[in-house]
Amino acid sequence: MLKVDLHCHSNVSDGVLTPAAVARHARQAGVDVWALTDHDEVGGIAAARVAAAEQGMRFVPGVEISITWGGETVHIVGLRIDENNPALVAGLAATREGRDARGREIGVQLEKAGIPGAYEGALGFVENPALMSRTHFARYLVQEGYCANTAEVFKKYLSEGKPGYVPHRWASLQDAVNWIHGAGGVAVIAHPGRYRFTQLQQGVLFDEFKDLGGAAIEVVTGSHTPDQYPVYAKLANAYGFLASRGTDFHAPGEARVDFAALPPLPASVTPVWHDWF
């Protein structure tokens, strides 16, 4: 059975390792098929493709696009994309705009909450200035001892309703799916169990995504708890979606599950990669 991981990040977005280092880490954990899916950015794909070949892995070019749906930020993964597609490249560039302004405002809000210098501190963790994210702030707050880990930072400071949360208006669901399809790719809803939607709202999201031509949802992911795997396997089948799998890796020791420990997809679902190889 192929060990497939179709969701992870490098330092081109908010990961810690270079694309080549992520490839080595994945291969050492036994991954056979690997996708790099940096946030709103395809700049790491060329290096990732070379590194995957050097490691003997099959490579899937990908991206994770931030959208706003139902007042929440939702992530749509694009797999098997042409990273040079002009409409996709332009759309991602437009999506990245405004991240720095949001970062500065997060810094202001955290200072009001008694944490000075957070914007400057977060910059120390940023490899790509166009892609400052909440994760960079989380790493700084852990470094400075405000929290024990990044999950605690999000819970206390960076989630909606908390002192450092600043909303951002991203692309639309239709934009993201259209960019992915225009680039020859397959659209996947990332970690659907992570969003704070009611069952009704989630159903509306799934229906709209399916109507737009969305193909799959992530079922087994480091951003789901093990009890959510069978729930989303059942929902994938109920809606006629294929199933995807990926760690959502950002850094060694930072994720709930690393490459080696993520379980396979349930036998009841059809993998999104079922006819790729």
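**Cores, a helix crossing and a few unusual backbones**

In this predicted model, the largest nonpolar core has 67 residues, and the members that touch the most others are Leu6, Trp34, Ile65, Ile76, Leu79 and Val219. Strand S3, residues 58–69, supplies the largest share of this core, with six residues. Apart from it lies another core, of 17 residues. Leu110, Tyr119, Phe137 and Leu141 are among the members of that second core.

Take Val219 from the largest core. Neighbours within four places in sequence are left aside here. Val219 then contacts His224, Tyr229, Tyr232, Ala233, Ala236, Ala243, Ser244, Leu265 and Pro266.

Now the aromatic rings. The whole structure holds nine aromatic pairs. One is formed by Trp34 and Phe59, with ring centres 5.5 Å apart and planes at 55°. Why does this pair count as tilted? Planes under 30 degrees apart would be stacked and planes over 60 edge-to-face, with the rest tilted. The angle here is 55°, so the pair is tilted. Trp34 sits in strand S2, residues 33–36, and Phe59 in strand S3. The pair therefore ties together parts that are 25 residues apart in sequence. Are these two residues buried or exposed? Buried means under 20% relative accessible area. Trp34 has 0% relative accessibility, so Trp34 is buried. Phe59, at 17%, is buried too. Elsewhere, Phe206, Phe209, Tyr239 and Phe241 form one aromatic cluster.

Return to the second core, which includes Leu110 along with Phe137 and Leu141. Leu110 belongs to helix H4, and Phe137 and Leu141 belong to helix H6. How do these helices meet? The axes of H4, residues 99–112, and H6, residues 134–143, come within 10 Å and cross at roughly 35°. The crossing is right-handed. On the H4 side, the contact uses Arg102, Gly103, Ile106, Gly107 and Leu110. On the H6 side, it uses Arg134, Phe137 and Leu141. By type, the contact residues are four nonpolar, two polar and two charged. The helix geometry bears on such a pattern: an α-helix has 3.6 residues a turn, so residues three or four places apart point the same way.

H6 deserves a further look. Seven of its 10 residues are buried, so H6 is largely enclosed by the rest of the structure. The buried ones are Thr135, His136, Phe137, Ala138, Arg139, Tyr140 and Leu141. They pack against H4, helix H5 (118–123) and helix H7 (150–158). After H6 comes Gly145, with a positive phi near 85°.

Which residues have a positive phi although they are not glycines? His191 is one of them, at about 25°. His191 lies in the loop between strand S5 (186–189) and helix H9 (199–211). With a relative accessible area of 0%, His191 is buried. Asp248 also has a positive phi, of about 60°. Asp248 lies in the segment after strand S7 (242–246). At 7% relative accessibility, Asp248 counts as buried.

Last, Asn178. This residue is found in helix H8, residues 173–182. Its relative accessibility is 40%, so Asn178 counts as partly exposed. Asn178 and Gly214 are 36 residues apart in sequence. In space, their C-alpha atoms are 9.6 Å apart.

How values were computed: Residues are numbered from 1 along each chain as its sequence is written. This is a predicted model: local features need pLDDT of at least 70, side-chain atom pairs count only at pLDDT 80 or more; totals for chains, interfaces and linings use all residues. Side-chain values use heavy atoms; hydrogens and water are left out. Axes are lines fitted to C-alpha atoms, for helices over the stretch in contact, and angles run from 0 to 180 degrees between N-to-C directions. Helices (H or I, at least four residues) and strands (E, at least two) are DSSP runs, numbered from the N terminus. A crossing is left-handed if the near helix is turned anticlockwise from the far one by less than a right angle, and right-handed if clockwise. Contact means heavy atoms within 4.5 Å. Ala, Val, Leu, Ile, Met, Phe, Trp, Tyr, Cys and Pro count as nonpolar, Asp, Glu, Lys and Arg as charged, and the others, Gly among them, as polar. A nonpolar core is a set of buried Ala, Val, Leu, Ile, Met, Phe, Trp, Tyr and Cys residues joined through side-chain atoms within 4.5 Å. Buried means under 20% relative accessible area, exposed over 50%, partly exposed in between (1.4 Å probe, protein chains only). Rings of Phe, Tyr and Trp (its six-membered ring) pair if their centres lie within 6.5 Å; planes under 30 degrees apart count as stacked, over 60 as edge-to-face and the rest as tilted.
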